[in-house]
Amino acid sequence: MSSWKGGESAYRVEGMPHKTKIARKPEGVGAEMKALCDGNSGILLRLDIMEGKQRQASKEFHGEFGEGTAVTLRLTKDYFGTNRTVHADSAFSSVKTAEALQKRGLHFMGIVKTAHKEFPKEYLGDWAAGRVTGQVPGRGDHILLESQVDDGC
């Protein structure tokens, strides 16, 4: 989130495409942007500016995947097939995102919340029934689930 609201500059052409208000952010009004950065160098590689519901819905990948996965795919599309790993926070993390990236030759690492669609419900049922072996997480704890594609090899 940037506090820039457009219109302040004498050199602007049209201002910003959409002003967003997010109360939980320290600078809660301005331009909302999603970014892709290189973890080693810290260099900004790609930026996706949020443009309002209708314009976002017309962007690439939105029709097939919805907003969260679509943003991640747009940001990483130059790296499809490179076998790199994408790290993301929970706002971008979902099973759908991980699968979409995997199909495009990227790996994914992120925190998928248990209330998220497609979280392994069998695991939650086993956990609730006391059938989980090893460390049993308490409320607010995190657990690492690893998944691999079985390609028959």
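How much area does the chain expose, and what share of it do carbon and sulfur atoms supply? The chain exposes about 11,100 Å², and carbon and sulfur atoms supply 50% of that area. The model described here is predicted, and the points below move from the chain as a whole to a few of its residues.

**The chain as a whole**

- The chain holds five helices and six strands, and when it is read along the sequence these elements follow the pattern β-β-β-β-α-α-α-β-α-β-α.
- Of the 153 residues that make up the chain, 25% count as buried.
- When contacts between residues at least 6 apart in sequence are considered, 37% of them join residues at least 24 apart.

**Strand β4 and a nonpolar patch**

- Leu 44, Leu 47 and Ile 49 together make a nonpolar patch of about 250 Å² on the surface.
- One of these residues, Leu 47, is found in strand β4, which covers residues 44–49, and Leu 47 is partly exposed, with a relative accessible area of 42%.

**Lys 59 in the loop between α1 and α2**

- Lys 59 lies in the loop that runs between α1 (53–57) and α2 (62–65).
- Is Lys 59 buried or exposed? Lys 59 counts as buried because its relative accessibility is 16%, which falls under the cut-off of 20%.
- The side chain of Lys 59 is joined to the side chain of Gln 56 by a polar contact of 2.9 Å.
- Leaving aside residues up to four places away in sequence, Lys 59 touches Asp 48, Ile 49, Glu 51 and Arg 74; among them, Ile 49 also belongs to the nonpolar surface patch.

**The aromatic pair**

- A pair of aromatic rings is described by the distance between the centres and the angle between the planes.
- The count for this structure comes to one aromatic pair.
- The rings of Phe 61 and Phe 80 have centres 6.3 Å apart and planes at 65°, so this pair is edge-to-face, given that an angle over 60 degrees counts as such.
- Phe 61 lies in the loop between α1 and α2, while Phe 80 lies in the loop between α3 (67–76) and β5 (85–88), so the pair ties together parts that are 19 residues apart in sequence.
- Phe 61 is buried, with a relative accessible area of 16%, whereas Phe 80 is partly exposed, with a relative accessible area of 26%.

Terms used
Residues are numbered from 1 along each chain as its sequence is written. This is a predicted model: local features need pLDDT of at least 70, side-chain atom pairs count only at pLDDT 80 or more; totals for chains, interfaces and linings use all residues. Side-chain values use heavy atoms; hydrogens and water are left out. Helices (H or I, at least four residues) and strands (E, at least two) are DSSP runs, numbered from the N terminus. Buried means under 20% relative accessible area, exposed over 50%, partly exposed in between (1.4 Å probe, protein chains only). A polar contact is a pair of N or O atoms within 3.5 Å; within protein, one must be able to donate a hydrogen and the other to accept it, and residues adjacent in sequence count only if both atoms are side-chain atoms. Contact means heavy atoms within 4.5 Å. Patches are made of residues with over 30% relative accessible area and no salt bridge: like charges are joined within 9 Å, nonpolar side chains (Val, Leu, Ile, Met, Phe, Trp, Tyr) within 5 Å. Accessible areas come from the Shrake-Rupley method with a 1.4 Å probe; for residues, only the protein chains shown count as cover. A salt bridge is a side-chain nitrogen of Lys or Arg within 4 Å of a carboxyl oxygen of Asp or Glu. Rings of Phe, Tyr and Trp (its six-membered ring) pair if their centres lie within 6.5 Å; planes under 30 degrees apart count as stacked, over 60 as edge-to-face and the rest as tilted.
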